[in-house]
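Hello,

Here is the structure I promised to pass on to you. Have a look at it first, and then read on for what turned up when I went through it.

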Amino acid sequence: MHDLTFCQEILTALSEKRKKLTKNHKIKVAHVSISPLSHVTPETLRETFAVMVKGTPFAGIKLNVGILQLGIKCESCKKGFMVDKPTFECPECHGQVLNLIYQKEFVVDSIETDKRPKGTGKRSKKAVTKRR
Ligand SMILES: [Zn+2]
């Protein structure tokens, strides 16, 4: 049930962000990334998130899910490289002994806010007066 853990992390980040916002700002999009080795897909994560935020102040926030890169090192040529999906062959020497040296499961990249237009309802009526 990794998707729930990830969603909990997103909600925590959203709550923190919300505390710092003024009333003129509204959270629009949460940008997150998951590991390609994670059992959670962007689709299931978005679905779980939508269910979790239903009826909360966070309902309607869009979830943008990206894929994290993996750090892999080849034992034959000793080269390290970053890939966005699991690989079983070194792109350099085609060696097949690869070690996973870096993996992050989930990150909240950023939270995008939108500023509401200012001064609505304060329109000046001076210019509207007509002369006869
Ligand atoms: Zn290699």
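Let me start with one of the sheets: an open one of 3 strands, in the order S4-S3-S5, with antiparallel pairing. S4 and S5 are the edge strands here; each has a single partner strand, so one side of each is left without a neighbour in the sheet. Ignoring direction, neighbouring strands of this sheet are turned by 35° against each other on average. Between strand S3 (residues 70-74) and S5, which run antiparallel, there are 4 bridges. If you want a spot to find this pairing on screen, look for glycine 71, which stands opposite tyrosine 102 in S5. S5 itself is hardly covered: among its 5 residues, the count of buried ones is 0.

Before I go further, please keep in mind that this is a predicted model. Its mean pLDDT is 88, and 87% of the residues reach 70 or more. The stretch to be careful with is residues 121-125, where the pLDDT is below 50 and where the model shows 0 contacts beyond near neighbours in sequence.

Now for the overall layout. The protein has 2 helices and 6 strands, and along the sequence they follow the pattern α-β-α-β-β-β-β-β. Of the contacts with a separation of 6 or more, 67% are between residues 24 or more positions apart. Of the 132 residues, 11% count as buried.

The other sheet

There is also an open sheet of 3 strands in the order S2-S1-S6, and its pairing is mixed. Strand S2 (62-67) and strand S6 (106-115) are at the edges with a single partner strand each, so one side of each is left without a neighbour in the sheet. From one strand to the next, the twist averages 20°. S1 and S2 run parallel and are joined by 6 bridges. In this pairing, alanine 30 stands opposite leucine 63 in S2. H2 packs on the sheet, where it touches S1 and S2, and its direction makes about 155° with that of S2. As for H1, this helix lies across S1 and S6 and runs at about 40° to S6.

The core

Which residues make up the largest nonpolar core? There are 11 in all: Phe6, Cys7, Ile10, Ala30, Val32, Ile34, Val40, Leu45, Phe49, Val65 and Leu68. At least two of these residues come from each of helix H1 (2-20), strand S1 (25-34) and helix H2 (42-53). Leucine 45 is a good residue to click on if you want to explore this region. Leaving out residues up to four places away in sequence, leucine 45 touches Asp3, Phe6, Ile34, Val40, Leu63 and Val65.

Two residues with a positive phi

Most residues other than glycine have a negative phi. Against that background, two loop positions caught my eye. Lysine 78 is not a glycine, yet has a positive phi of about 60°. You will find lysine 78 in the loop between S3 and S4. Is lysine 78 buried or exposed? With 10 other C-beta atoms within 10 Å, lysine 78 is exposed, because a residue counts as exposed when there are 12 or fewer.

Histidine 94 likewise has a positive phi of about 60° although it is not a glycine. This histidine is found in the loop between strand S4 (80-83) and strand S5 (98-102). Histidine 94 has 10 C-beta neighbours inside 10 Å and so counts as exposed. In sequence, histidine 94 and serine 76 are 18 residues apart, and their C-alpha atoms are 8.8 Å apart in space.

That is what I have for you. Happy to go through any of it together.

Best wishes

Methods
Residues numbered from 1 in each chain as written. Predicted model: local features only at pLDDT ≥ 70, side-chain atom pairs only at ≥ 80, totals over all residues. Core = buried A, V, L, I, M, F, W, Y, C linked by C-beta atoms within 7 Å. Buried ≥ 20, exposed ≤ 12 C-beta atoms within 10 Å, placed from the backbone. Contact = placed C-beta atoms within 7 Å. Pairing = 2+ DSSP bridges. Axes fitted to C-alpha atoms, helices over the stretch in contact; angles between N-to-C directions. pLDDT = per-residue confidence, 0-100.
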